[in-house]
Amino acid sequence: MQPPAPRPARERVLDAAHQLMLTVGLARATTKEIARAASCSEAALYKHFTSKEDLFIRVLMERLPQLTPFLDGLATEHGGTVEENLTEIAHRAALFYEQSFPIAASLYAETQLKRRHDEAMRERGKGPHLPIEGLDAYLRAEQAAGRIRADTDTFAAASLLMGACAQRAFAYDVTADRPSAHTFAARLARTLLAGIGV
């Protein structure tokens with residue numbers, strides 16, 4: 001029996017970058033350290049990723065729970081009840097922010113790194129505003145279907161839900177009392193729906 005084939009270098013680099021970004025932060029995770037942890041050369045890393053910012057964006061897109069594609073699908077095909085959908089959105093958002101917050105927090109410690117990161121996000125049409133816009137689009141579709149109140153400010157409602165999920169990642173980071181993502185999501189969806197539901 002032959003040993004399994006080694007994992008492709010790109011996958012090893014993504015895994016190593018994800019782990020280092022979680023443990024030492026984006027600012028301190030150098031491409032040299034990432035390559036060493038992935039058992040490849042720095043040149044091999046750059047064969048797959050154009051920059052550290054590109055690698056960071058790929059970690060967010062390929063190693064963390066995905067939110068935007070789910071929201072895009074809901075805006076066009078909203079099955080399930082509004083409460084079920086909002087619960088699933090909040091659950092995914094809570095997990096995304098919980099996992100991305102430790103990685104992204106170090107961006108704010110280094111202004112040049114933050115600026116390069118923001119430029120890379122803009123070039124790729126990515127950014128933290130997209131989940132809010134996606135949820136806003138979903139809520140507008142539900143509003144048009146008569147499933148939420150006509151006078152609802154859908155952008156504000158989307159901002160409240162996403163903001164609460166991001167705050168959960170930050171506020172409960174220092175305590176063992178963080179509510180589970182599922183429990184938090186259900187309570188958040190129910191509370192939001194009490195204000196916007198028909």
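**Exercise 1. The lining of the largest pocket**

Task: In this predicted model, find which helices each supply at least two residues of the lining of the largest pocket, and describe that lining by residue class.

Solution.
1. Go through the helices in sequence order: helix 4 (52–63), helix 5 (68–76), helix 6, helix 7 (111–123), helix 8 and helix 9 (154–171) each give at least two lining residues.
2. Look for the main contributor: helix 6 gives the most to the lining of the largest pocket, namely five residues.
3. Take the lining as a whole: 28 residues line the largest pocket, and those nearest its centre are Leu 60, Phe 96, Met 121, Gly 127 and Pro 128.
4. Sort the lining by class: 19 residues are nonpolar, six are polar and three are charged.
5. Add the volume of the largest pocket, which is about 760 Å³.

**Exercise 2. The largest nonpolar core**

Task: Identify the residues with the most contacts inside the largest nonpolar core, then trace the surroundings of Leu 135.

Solution.
1. The core has 53 residues, and Leu 55, Leu 86, Leu 135 and Leu 161 have the most contacts inside it.
2. Helix 6 (residues 82–104) gives the most to this core, with nine residues.
3. Set aside residues up to four places away in sequence; Leu 135 then touches Leu 71, Leu 86, Ile 89, Ala 158, Leu 161 and Met 162.
4. For background, nonpolar side chains tend to be buried together in soluble globular proteins.

**Exercise 3. Asp 136**

Task: Decide whether Asp 136 is buried or exposed, and list what surrounds this residue.

Solution.
1. Locate Asp 136: this residue lies in helix 8 (residues 129–144).
2. Apply the cut-off: Asp 136 has a relative accessible area of 11% and buried means under 20%, so Asp 136 is buried.
3. Check the side chain for polar partners: a polar contact of 2.5 Å links the side chains of Asp 136 and Arg 140.
4. Beyond four places in sequence, Asp 136 is in contact with Thr 154, Phe 155 and Ala 158.

**Exercise 4. Thr 31 and Ser 39**

Task: Assign Thr 31 and Ser 39 to the buried or exposed class, and state what is notable in the backbone of Ser 39.

Solution.
1. Thr 31 is placed in helix 2, while Ser 39 is in the loop between helix 2 (31–37) and helix 3 (42–48).
2. Thr 31 has 9% relative accessibility and therefore counts as buried, the limit being under 20%.
3. Ser 39 has 62% relative accessibility and therefore counts as exposed, the limit being over 50%.
4. The side chain of Thr 31 makes a polar contact with that of Tyr 46, at 3.4 Å.
5. Outside four places in sequence, the contacts of Thr 31 are Glu 42, Leu 45, Tyr 46 and Lys 52.
6. Ser 39 has a phi near 55°, a positive value in a residue other than glycine. Most residues other than glycine have a negative phi.

**Exercise 5. The whole chain**

Task: Summarise the secondary structure, burial and contact separation of the protein chain.

Solution.
1. The chain has 10 helices and zero strands.
2. Of its 198 residues, 40% are buried.
3. Among contacts with a separation of 6 or more, 71% join residues 24 or more positions apart.
4. The C-alpha atoms fill a box of roughly 60 × 45 × 35 Å along the principal axes.

Technical notes: Residues are numbered from 1 along each chain as its sequence is written. This is a predicted model: local features need pLDDT of at least 70, side-chain atom pairs count only at pLDDT 80 or more; totals for chains, interfaces and linings use all residues. Side-chain values use heavy atoms; hydrogens and water are left out. Helices (H or I, at least four residues) and strands (E, at least two) are DSSP runs, numbered from the N terminus. Buried means under 20% relative accessible area, exposed over 50%, partly exposed in between (1.4 Å probe, protein chains only). A polar contact is a pair of N or O atoms within 3.5 Å; within protein, one must be able to donate a hydrogen and the other to accept it, and residues adjacent in sequence count only if both atoms are side-chain atoms. Contact means heavy atoms within 4.5 Å. A nonpolar core is a set of buried Ala, Val, Leu, Ile, Met, Phe, Trp, Tyr and Cys residues joined through side-chain atoms within 4.5 Å. On a 1 Å grid over the protein atoms alone, a cavity is a set of points where a 1.4 Å probe fits but cannot get out, and a pocket is an open set with protein on both sides within 12 Å along at least five of seven lines; lining residues have an atom within 4 Å of a point. Grid points are joined across faces, edges and corners, and a volume is the space filled by probe spheres set on the points. Ala, Val, Leu, Ile, Met, Phe, Trp, Tyr, Cys and Pro count as nonpolar, Asp, Glu, Lys and Arg as charged, and the others, Gly among them, as polar.
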